[in-house]
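Me: I am new to this structure and should be grateful for a close look at a single part of it. Please take one pair of packed helices and set it in its surroundings.

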Amino acid sequence: MITASAKKRENIAEYLLYMWQIEDLIRAQGLDIDRIQENIIDKYVGLDEQQKKEMREWYESLIDMMRREDVVKSGHIQLNKNVIIALEDLHRRLLADSKFASYSAQFYHTLPIIVELRAKAGDNKVGEIETCFNALYGILMLRLQGKEISEETKQAVAQVSKFLALLSHYYKLDYNNELFKDEDGN
C-alpha cells in the first residue's frame with residue numbers, strides 16, 4: 001500500500017508491475033487475510049499499529065476485488081486493467097502527435113520485439129502495451145526463480161524497458177497536466 005502509492009506517483013510502469021506482483025502474492029497466500037497479516041504485514045519493520053491496520057484493510061479490499069472480479073486464479077483486477085487502458089490511450093495520443101517523434105521512433109524500434117512476443121502468446125493476444133508489461137513481468141518472475149535468461153532475451157527486455165520508461169515519463173507529465181502544454185505554459 002505504501003510502496004504502491006509512491007510508485008504510482010513516480011513511475012506508473014513500476015507501479016503496475018508491483019501491483020501484478022501483489023495480486024500473485026495474494027494468490028500465493030490463498031486469499032487468506034490472516035496468512036497475509038502473518039507473512040507479509042507483520043514482517044514490515046517500522047510500521048505502527050494504525051499503518052498495519054490500514055495495510056490490512058488495503059489487502060482486504062484487493063482480496064474482495066479479486067473475488068468479485070473472478071481473478072482468484074489468474075488475471076488482473078479492473079484497477080490494474082484501467083492503468084493499461086490509460087497507458088494505451090496515452091500511447092495512441094503520443095503516436096498521433098508529431099511533437100513526439102522521438103517517442104514514435106522508440107516505439108517502432110521496439111515493435112518487432114512486440115510482434116515476436118505476441119506471436120509466442122498463442123491465443124492469449126493482448127495489446128502492444130500489455131504485451132510489453134507481460135514480457136517484463138515474465139522476466140521478473142524468471143529472475144526471482146533464479147532461472148537463466150538468454151542474452152538475446154536480455155537485449156529484447158532492455159529495449160522494452162527503455163520504451164516503457166519513456167511511456168511512463170510521458171504518463172507522469174500527462175498526469176501532472178504538463179505533457180501537452182505549449183511554450184507559453186498553456
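Reply: What follows describes the packing of helix α2 against helix α7, beginning with the protein as a whole.

The model is a predicted one. The protein contains eight helices and zero strands, and along the sequence its pattern reads α-α-α-α-α-α-α-α. Its C-alpha atoms fill a box of roughly 50 × 45 × 30 Å along the principal axes. Of the 186 residues, 37% are buried. Among contacts with a separation of 6 or more, 65% are between residues 24 or more positions apart.

Two packed helices are described by the angle between their axes and the distance between the axes. For helix α2, residues 12-28, and helix α7, residues 128-144, the angle is about 60° and the axes lie 11 Å apart. Because of this angle, α2 is oblique to α7. The crossing of the two helices is right-handed.

On the α2 side, the contact is made by Ala13, Leu16, Leu17, Trp20, Gln21 and Asp24. On the α7 side, the residues are Glu130, Phe133, Asn134, Leu136, Tyr137, Leu140, Met141 and Leu144. Taken by character, the residues of this contact comprise 10 nonpolar, two polar and two charged.

Phe133 of α7 deserves attention of its own. Apart from its neighbours within four places in sequence, phenylalanine 133 touches Ala13, Leu16, Leu17 and Trp20, and also Ile84, Leu87 and Leu164. The first four of these names also appear in the list of α2 residues that meet α7.

The same phenylalanine leads to the interior of the protein. The largest nonpolar core has 50 residues, and Phe133 is named with Ile26 and Tyr59 as having the most contacts inside it. Helices α2, α3 (33-39), α4 (49-68), α5 (78-96), α6 (101-120), α7 and α8 (151-175) each supply at least two residues of this core. The largest share, 10 residues, comes from α2. Both partners of the pair described above thus have a place in the core, α2 and α7 each being among its contributors.

A residue in another helix may complete the picture. Serine 104 is found in helix α6. Its relative accessibility is 14%, and serine 104 therefore counts as buried, the limit being under 20%. Leaving aside neighbours within four places in sequence, serine 104 is in contact with Leu94 and Leu95.

Notes
Residues are numbered from 1 along each chain as its sequence is written. This is a predicted model: local features need pLDDT of at least 70, side-chain atom pairs count only at pLDDT 80 or more; totals for chains, interfaces and linings use all residues. Side-chain values use heavy atoms; hydrogens and water are left out. Axes are lines fitted to C-alpha atoms, for helices over the stretch in contact, and angles run from 0 to 180 degrees between N-to-C directions. Helices (H or I, at least four residues) and strands (E, at least two) are DSSP runs, numbered from the N terminus. Angles under 35 degrees count as roughly parallel, over 145 as roughly antiparallel, 65 to 115 as roughly perpendicular and the rest as oblique. A crossing is left-handed if the near helix is turned anticlockwise from the far one by less than a right angle, and right-handed if clockwise. Contact means heavy atoms within 4.5 Å. Ala, Val, Leu, Ile, Met, Phe, Trp, Tyr, Cys and Pro count as nonpolar, Asp, Glu, Lys and Arg as charged, and the others, Gly among them, as polar. A nonpolar core is a set of buried Ala, Val, Leu, Ile, Met, Phe, Trp, Tyr and Cys residues joined through side-chain atoms within 4.5 Å. Buried means under 20% relative accessible area, exposed over 50%, partly exposed in between (1.4 Å probe, protein chains only).
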